[in-house]
Amino acid sequence: MDFHCHLDLYPDPFEVVATTKQKGIFVLSVTTTPSAYEKTALLAKDCPNIETGLGLHPELVHQRFNELSLFDKWIHSTDFVGEVGLDGSSRYRDSWELQVKAFTYALKLSDIHGGRILSIHSRRAATEVMNYLELFKYRNTFILHWFSGSIKELNRAIELGCWFSVGPLMLRGKKGKDLVSRIPQDKVLLETDGPFTSTNKRSIYPWDANDMCIPNLSEIWDVDSEKVVSILTMNKKALLSKRHSLNN
């Protein structure tokens, strides 16, 4: 599985789709701008194991805020919203007010339309992100992508019922491993964040997620690889059962 991947931004996305389809890997293909959603969804039109998220990345809000109305156009076509969220890094602080407007708009629209599964960016903004999640938690399902907050913030996210998508780079560092060790096993999903992540000077692809993450999870959880696969398989099934289209 790969619950956070920028499929449209690989050099040859059609090849990635073909390989993903061949290998039977579930992929949540997130978008960074609403205007990219339609073409990105078309990439996967013949691949039922790829879902496309409708997104507006917080790093791009200051450039693409005028595209927010496209959420209304496309929200009916997908069970997934992402990548959305807030980024508190100093580089993006000037766009904070626009980020909040875009994020809360996506949360509210998802809620109004019966709930969506959202892949959420929360770098240096975990507390603020959760303040808004609290307001829209009853119909929506939240996946915190590459969570990097404090232990206190992690515990709050767990109490909120959040899921967590973790990737190879998160599992390499001491802080990432410590955070993952504290997440309930039944709330862990895999991601790559490809093609923005790399190993040995090459981008990480959806089919790398299992091979690169399972050994680390096996060590963190102190169980064998087969047990890790079993847990992740059950988690994927449980998360996907929350799709809006399955419940309406």
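**Exercise 1. Is Arg156 buried, exposed or partly exposed, and which residue does Arg156 meet in a salt bridge?**

Step 1. Arg156 has a relative accessible area of 24%. Buried means under 20%, exposed over 50%, and partly exposed in between (1.4 Å probe, protein chains only). Arg156 is therefore partly exposed.

Step 2. The salt-bridge partner of Arg156 is Glu134, with the closest N and O atoms 3.9 Å apart. A salt bridge is a side-chain nitrogen of Lys or Arg within 4 Å of a carboxyl oxygen of Asp or Glu.

Step 3. Place the pair in the chain. Glu134 sits in the loop between H6 and S6, and Arg156 in helix H7 (residues 151–159), 22 residues apart. Helices (H or I, at least four residues) and strands (E, at least two) are DSSP runs, numbered from the N terminus.

Step 4. Glu134 has a relative accessible area of 29%, so Glu134 is partly exposed.

A note on the model: it is predicted, so local features need pLDDT of at least 70 and side-chain atom pairs count only at pLDDT 80 or more, while totals for chains, interfaces and linings use all residues. Residues are numbered from 1 along each chain as its sequence is written, and side-chain values use heavy atoms, with hydrogens and water left out.

**Exercise 2. Find which parts of the chain the salt bridges of Arg123 and Arg243 link**.

Step 1. Arg123 bridges to Asp87, with 2.6 Å between the closest N and O atoms. Arg123 lies in the loop between S5 and helix H6 (126–133), and Asp87 in the loop between S4 and H5, so the pair ties together parts 36 residues apart in sequence.

Step 2. Check accessibility. Arg123, at 34%, counts as partly exposed. Asp87, at 0%, counts as buried.

Step 3. Look for a third member. Glu59, Asp87 and Arg123 are linked in a network of salt bridges.

Step 4. Turn to Arg243. Its side chain meets that of Glu51 in a salt bridge (3.1 Å, N to O). Arg243 is in the segment after helix H10 (225–240) and Glu51 in strand S3 (residues 50–52), 192 residues apart. Both residues are buried.

Step 5. The salt-bridge count comes to 10.

**Exercise 3. Work out the order of the strands in the two open sheets**.

Step 1. One sheet has five strands, in the order S4-S5-S6-S7-S8, with parallel pairing. Two strands pair if DSSP finds at least two bridges between them. Strand S4 (80–85) and strand S8 (188–190) stand at the edges, each with a single partner strand, so one side of each has no neighbour in the sheet.

Step 2. Zoom in on one pair. Strand S5 (residues 117–121) and strand S6 (residues 141–145) pair in the parallel sense over four bridges. The bridge partner of Ile117 in S6 is Thr141.

Step 3. The other sheet has three strands, in the order S1-S2-S3, again with parallel pairing. Its edge strands are strand S1 (2–5) and S3.

Step 4. Strand S2 (residues 27–29) pairs with S3 in the parallel sense over three bridges. Leu28 stands opposite Glu51 in S3.

**Exercise 4. Which residues touch the most other members of the largest nonpolar core?**

Step 1. A nonpolar core is a set of buried Ala, Val, Leu, Ile, Met, Phe, Trp, Tyr and Cys residues joined through side-chain atoms within 4.5 Å.

Step 2. The largest core holds 62 residues, and Phe3, Phe71, Ile120, Leu133 and Leu232 touch the most other members. H5 gives the most to this core, with seven residues.
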